[in-house]
Every structure is written in structure tokens, then in C-alpha cells.
Amino acid sequence: MPQRYVKYLISMIFVALTTVACSSSPTGRSQVILKSDQDLAVESARQFAEMKANMPLETDRAKIDYIHCVAQAVVMQLEPEFRDLDWEMAVFQSDSVNAFAMPGGKIGVMTGILKAAQNQDQLAAVIGHEIAHVTARHANERASRGSFSNVGVQVAAVLLGGGHQGATYSAYEALQAGAALGIMLPFSRSQESEADVIGLAYMARAGFDPRESVPLWQNMEGEAGEAPAEILSTHPSSETRIDQLVGEFGAALKLYNEAKEAGRTPNCVLE
Ligand SMILES: [Zn+2]
């Protein structure tokens, strides 16, 4: 093979490799994606099953139905490729003011979140935010950054366990493998901001009032107490965050009004 072809070939391989590694997030931020989404989804499903087996599940049907009602309304309005994921939700009985979503479409909500999310719109703000982490492939991006310290695992355990001895230990164990893959570690600030923006659009499209995101995050901050919620751990300061949300209200209210006109007016109530 003539040498110039070899050179050409090598440069094309280089281009192909860098193209695979660098992609762009839904808001146009450049991301490095090295892991297989499929692998992460499989590991998430395993972790999720382990958490369900090790952590107390909520038994109050009214709470479960209420949270499902909100989550389902949001999921139904996702882009088809995400709406069609195998979504599964678990409601954990825990005072922790927390929620999470994992690759492949697993949503976990701690009942403690209801202290901060005081109506369906506020709950949709939390769930929309968590789902946005999944659709923007934040866990893959984080896992692609490579090695993780033990500190990360401990942070995850603190957030999930709250003050309850038994739950802390099993949650810690359940999290170790997931942390190794970067599934359960805190997200970066830019990822958190991005999840806020995308989540706001999701909730609005489902017919939830996006303006309720502001009191929600204020309540979250008030409720966080000694054990900071996952959602606040790496978050922009509440002032920055609220400024950003308010800056998105124009676009979000347009989606909200369109949803209402289309008859998407969810009525999820906690009896
Ligand atoms: Zn987040």
C-alpha cells in the first residue's frame, strides 16, 4: 500500500475514534462518552434490584400512586427514544429528602422528598430533573471520566442512608458496585444545571407548572438539614440556580401552555 494511503488511513481512524468519544449533550455541551449505554443500563438494573431488596419500600398505596402518577405523566412526554425505555420506579420508605434516576430508566424516590415537594408540580420538578440526568447521559459521561475515590462511595451512602443505621449499611453495600461504574456518584455542577434546564422542559410538557420549580428548590435547601440531599450536593448555589430557572421560564411557560391546550392537565393528588 502506498505510504500516503497508510497515512490517510491512520488519520481517518483517528478521526473516527475522536468522533466516537466526543459527542454533544442535549443543550449543546460537549461530552466525552466512552462507556456503552447498554452496559450501564444492565449494571443499573442490577443495582436497582439490589436496592429494592435491601432498602425498605414504601407500603402506603396512596403515596406510591401519587408519585407514580407524576412520574408517569413526565415519562409520557419524553422524546420517543427515551419514552420507550423500560421505565421502572421504586418508592423507598426513608426520611431522606432524595430521589435519583439511573441509566436504562430506573427511578428511585425516597418518601422524604414529599417534605420538600409539596404539590404535584414540585414533585414533577424533582422527577423531571432526575430523568434529565438519564436522557442527557450524565452517568455515562461521569463513568467515562475514569477512576473514582472512596469518598464518592461514602457520599452516596450518606445521601441514601440518612441517619438510619441498617439502611445506611445496606445502601452502602448496594452502592459500591454502582459507584465503581459511576452510576451513583454525585454529578458535576454543569450536569446539574443542565438537568435543571431539561427537567423544566419535561415537567412543562407534561402539564406541570414550571414556576413551581423555584419554591421546590428553596424547600429542598430548607429540608436538607444535616444530611445533604444528592440533588443539592454539587449544586450551584441556590441563587444561581434560581436565576437560571427563572431565565428559562419564558420557554417553559410556552410548553406548559401548549400542554394545557392539548389537554395535558395532570391531576395527581395525595389522598
Ligand atoms: Zn441532579
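This report describes the zinc site, the cavities, the largest pocket and the salt bridges of a predicted model.

## Zinc site

The zinc ion is held by protein donors from three residues named here: H129 and H133, each through NE2, and E192, which appears twice through OE. The donor atoms lie 2.0 to 2.7 Å from the zinc ion. Along the chain, the donors follow the spacing H-x3-H-x58-E. H129 belongs to helix α6 (residues 120–135), whereas E192 belongs to helix α10 (residues 189–205), so the two residues tie together parts of the chain that are 63 residues apart in sequence. Both of these residues, H129 and E192, are buried.

What geometry do the four donor atoms give the site of the zinc ion? The site is irregular, with angles among the donor atoms running from 53 to 140°. A tetrahedral assignment would require all angles to lie between 85 and 135 degrees, so a span of 53 to 140° falls outside that class. For reference, the ideal angle for four tetrahedral donors is 109.5 degrees.

## Cavities

Two cavities of 30 Å³ or more are present in the structure. The second largest of them encloses about 40 Å³ of space. Its lining consists of A125, H129, D196, G199, L200, S213, W217 and L245. H129 thus appears both in this lining and among the donors of the zinc ion.

Helices α6, α10 and α11 (213–223) are the elements that give two or more residues to the lining of the second largest cavity. The largest share, three residues, comes from α10. By class, the lining of this cavity has four nonpolar residues, three polar residues and one charged residue.

## Largest pocket

The largest pocket holds about 320 Å³ of space. Its lining is made up of 19 residues, and those nearest its centre are D37, L85, P103, G104 and V134. At least two lining residues are supplied by each of α2, α4 (80–83), α6 and α7.

Which class of residue contributes 10 members to the lining of the largest pocket? The nonpolar class does, alongside five polar and four charged residues. Helix α6 supplies residues to this lining and also to that of the second largest cavity.

## Salt bridges between distant parts of the chain

The structure holds 13 salt bridges. In one of them, the side chains of R137 and D37 meet at 2.9 Å, N to O. This pair links distant parts of the chain, with R137 in the loop between α6 and α7 (138–144) and D37 in helix α2 (residues 37–54), 100 residues apart. R137 counts as partly exposed because its relative accessibility is 29%. D37 likewise counts as partly exposed, at 38% relative accessibility. D37 is also one of the residues that lie nearest the centre of the largest pocket.

A further salt bridge joins the side chains of K106 and E88 at 3.3 Å, N to O. The pair links strand β5 (residues 106–110), where K106 lies, with strand β3 (residues 88–92), where E88 lies, across 18 residues. K106 or E88: which partner is buried and which is partly exposed? K106 counts as buried because its relative accessibility is 7%, while E88 counts as partly exposed at 28%.

## Other salt bridges

The side chains of E258 and K254 meet in a salt bridge of 3.2 Å, N to O. Both residues lie in helix α13 (residues 238–261), where they are four residues apart, about one turn of the helix. E258 is partly exposed, with a relative accessible area of 37%. K254, by contrast, is exposed, with a relative accessible area of 54%. Beyond these pairs, R29, E141 and E194 are linked in a network of salt bridges.

## A buried residue of helix α10

M203 is located in helix α10. With a relative accessible area of 0%, M203 is buried. How far apart in space are M203 and Q122, C-alpha to C-alpha? The two lie 9.4 Å apart in space, although 81 residues separate them in sequence.

How values were computed. Residues are numbered from 1 along each chain as its sequence is written. This is a predicted model: local features need pLDDT of at least 70, side-chain atom pairs count only at pLDDT 80 or more; totals for chains, interfaces and linings use all residues. Side-chain values use heavy atoms; hydrogens and water are left out. Donors are N, O and S atoms within 2.8 Å of the metal (3.2 Å for Na, K and Ca); water is not among the atoms, so sites may look incomplete. Four donors count as tetrahedral if all angles lie between 85 and 135 degrees; four count as square planar and six as octahedral if opposite donors are over 155 degrees apart and all others between 65 and 115; anything else is irregular. Buried means under 20% relative accessible area, exposed over 50%, partly exposed in between (1.4 Å probe, protein chains only). On a 1 Å grid over the protein atoms alone, a cavity is a set of points where a 1.4 Å probe fits but cannot get out, and a pocket is an open set with protein on both sides within 12 Å along at least five of seven lines; lining residues have an atom within 4 Å of a point. Grid points are joined across faces, edges and corners, and a volume is the space filled by probe spheres set on the points. Ala, Val, Leu, Ile, Met, Phe, Trp, Tyr, Cys and Pro count as nonpolar, Asp, Glu, Lys and Arg as charged, and the others, Gly among them, as polar. A salt bridge is a side-chain nitrogen of Lys or Arg within 4 Å of a carboxyl oxygen of Asp or Glu.
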